[in-house]
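Me: I'm new to this one and curious about its aromatic rings. Could you walk me through them?

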Amino acid sequence: MKPLVFTLSAIALTVSSTIFSPLAAATAVHSAQVTEQQAPAVPEWPQARYQNTPTVEDVLGYPAGARISSPAQISEYFQALAEAHPDQIKLFEYGETWQGRPLFYAAIGSAENIAKLNDIEAGMRQLADPRTINTRQARQLVETLPASVWIASSVHGNEISPAESSMVTAWHLLSSTDERTVAMLDNTIVYIDPLQNPDGRERFVSRYYATVGLEPSTDRLSAEHNEPWPNGRTNHYLFDMNRDWIALTQPETQGRIAALLQTYPLIFIDSHEMGGDLSYYFTPEAHPYNPFITTEQREGLNWVGENNALWFDNFGFDYFTREIFDAFYPGYGASWPLYHGSLSATYEMGSARGHHFRTREGEVLTYADGVQQNFVAFMATIETASQRRQDLLQRFYEYRQQGIDAGGRGAVRSYIFPNTRDIAGNRKLMALLSEQGIEVGQAQDNFRACGNRYSEGAYVVQASQPAYHLIRTLLDTNVPMDEEFLAEQERLRANNLPDQIYDVTAWSLPLMFNLDMDVCNQQPRVATTAVTDERIVAGSVINADAEFGYAVAWGDMNAGRLLTAALREGLLVRSADMAFTHASGREYPAGSLVIPRAGNPDNLTATLQELATTSGATVEGLANSWMRDGPNVGSVNMKRMHAPNIALLWDQPTNVLSAGSTRFVIEREFNYPVTAIRSAQAATADLSHYQVLILPATTGAGYEQWLGERGRENIRQWVERGGVLITLGNATRFAVAGEQPLLNSSLEKKAQVNDLVPLAEQGRTDGVIIDNDDEHQRHIRNPNANPDWVSGIIARASVDQEHWLTAGIHEQLHAMFIGNDIYTPLRINHGRNVVNYKGADEVLTSGYIWAENREQIAHKPVLMVQQHGRGMVVSFTQEPNFRAYLDGMHVLFMNSIFRSAAHATPLR
């Protein structure tokens, strides 16, 4: 981390009262008195006076809001401010993007506060853990610490104005000389993360200026307002990082959360943009609220919103609150800090998505308009923090203390992970919790708790700790929605109106990892070792000098990473279709790897020792090849694993998020290369170089329209010659379409419980008596409707463990169900349904699903496989890589690639 500082002081207001009234300044907005330095057009602030400080124009050559700054220019400007005012601003690097761009934030305050910034942050960490201080010390910290605000901008790279607003806010804070602003900085540390997604912004900016003509267009139809695939919203791996806060898959999120756990800001603002026809949105949020957000926090968010409204009224800006953007899903930037005791909120500015944009009302919205409105919102929030400093600090401390108390006396006092299967998944989840500020211990001895016995190595999360609310939110099987809210959604649906559920309704990490977990009303008495953020613990080779070779038990990502590494090293590896027992008595599950010395290089042992260290796998030496039970090494049920060339369809019509998460899982979780091929090329391309072709989910027109009959036939012939086609989510529509489908399943319409009297083609229809409102609702239903859309649940599925595709998979699997695609099961003469949803009474594990959908998805397929000639089609009816946080699906997806390629029979 490198310190850098600058002296821009922002909101200069000459007001006789020490408490500034936006109403009193209303007449002063357009009559600013400028001394020492001429005020730029943006930012505009009542009666502002500025000292000489580098403006955006001084450093970058154009006025703020006149051009969309690139990531490099934003970084350059903050460096200039830091060099000009090293006593009031420090810059800290907290990470690096996939494309190598630095991630940084600025800390801005009075010279006195910046000089003791380390002590202030240490004080916040003390206040965050009431176990380390007594009541008197806590009271002293509340009385003396400054408030803090964290402004995070443009996590979506094409939401452009917040990043620019961060620059002018920093300039204003450091340059303004009015007493109010000086007092604000005396009272508040302002953290500014100006650019959360540099890679996405670079994509947007470069394409925008490559598209603009003689002058920017205001027309929403113009090319500059319609980004090509993929747009700038996402990062390098095409992730929506505003959904990544509970999974921490991306380096940007990992670094940001680490920084927040060092600073614990009292207010966190996640600044976005939305459609240009909307005005400005700020807190309070829409219903439903997550039940682990307290009444005091909701009151605090109202403080923020009310002061924002005063300032927006002062400037004549329109705004709205509460109607959209709820606070239920914890994986948003505007949600996650709440569960550590802060206030956090989303701000959304109607976007010009360029220099100018004509709204449907005929008004021209400019980029500078957005920069200015964000600036006003930021300053209003800083003022709220300054004025409410002591209240915010006290409530933060109480939230953390209440968590400790609740975890020690409630019905949920600990979460215990036996850690007897999926060692890799357990370790990764525990590290992930640790990265989020949750204390996790690993038992050093056997112990008993809540009537169960646990072995050494089990993981324990005690609920009685400051992060209690986050623990409950992430680990509870289900976080319930408000019943009144759900009743309203049912009413809307009955009237064929859209529901108000904004995102997924389930996210329990133990379920998504498909791990065993017990919830206990006791605090286990066992010595534990603190778990660090190390996601992969080095593996080892046991009995390294074994004469025949080695075996690796299949079933977790440690073994999976070893397989891909071994294949990339060119090693000979076999994988068993069935479980086997070695002569030594060691039992191995289906899918387990056998790596013989014969056929492998002389340095096999050294190679495997290196691969075990990096993959986390345990490699066990085999003295001989004899099996007591199950297939021998030379059996047809012991398949040789090949290193397949994998192609992934890219570009339209693929869903950006599906393509990105799939590529990420293969490349960064499996450590295996994949080739992205533009969809349009797949219609005619020679695919013979590839053994696996993956179709991600789509948006808009599907592959049927994009590839056409010619593309379908090209892919069919490739499959019949030995290729493995894998379809994900709604890409399975392509496999079931056409007169000769690749997969003999079909999409279902909405199941009709009761038959309706058919309408007559001519004349009158048979009369019916409608007795009540429920009967009326039944009669007005569309008999040809598709199933209703489900926002996202976690569902139970049963696994056919006799099929080679499910080798190493637990008998019960948790999968997401999102949307309304429900497929008929394959008939036995066509293929196998190897994973199926449980029955209606068991299928729902977490979240909210319409009753009719719950009935209809019961016993329907999650994963199907069908042979075609020498190859096969493997179809997931839901996305196994959704947001890359379904770790419990990783081994199954790996099987669909590598075990399927081994079972296909192309000419090799």
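Reply: Sure, starting with the rule: rings of Phe, Tyr and Trp (its six-membered ring) pair if their centres lie within 6.5 Å; planes under 30 degrees apart count as stacked, over 60 as edge-to-face and the rest as tilted. This is a predicted model, where local features need pLDDT of at least 70, side-chain atom pairs count only at pLDDT 80 or more, and totals for chains, interfaces and linings use all residues. Residues are numbered from 1 along each chain as its sequence is written, and side-chain values use heavy atoms, leaving out hydrogens and water.

Me: How many aromatic pairs does the rule give?
Reply: Just apply that cut-off to the rings. The count comes to 47 aromatic pairs.

Me: What kind of pair do Trp229 and Trp650 make?
Reply: Their ring centres are 5.2 Å apart. The planes sit at 75°, so the pair is edge-to-face.

Me: Is Trp229 buried or exposed?
Reply: Buried means under 20% relative accessible area, exposed over 50%, partly exposed in between (1.4 Å probe, protein chains only). Trp229 has 12% relative accessibility, so Trp229 counts as buried.

Me: What sort of pair do Tyr264 and Phe396 form?
Reply: Centre to centre, Tyr264 and Phe396 are 5.9 Å apart. With 55° between the planes, the pair is tilted.

Me: Is Phe396 buried or exposed?
Reply: The relative accessibility of Phe396 is 0%. That makes Phe396 buried.

Me: Which ring does the charged end of Arg67 sit over?
Reply: A charge sits over a ring if NZ of Lys or CZ of Arg is within 6 Å of the ring centre and within 35 degrees of the ring normal. For Arg67 the distance to the centre is 3.8 Å, and the ring belongs to Tyr209.
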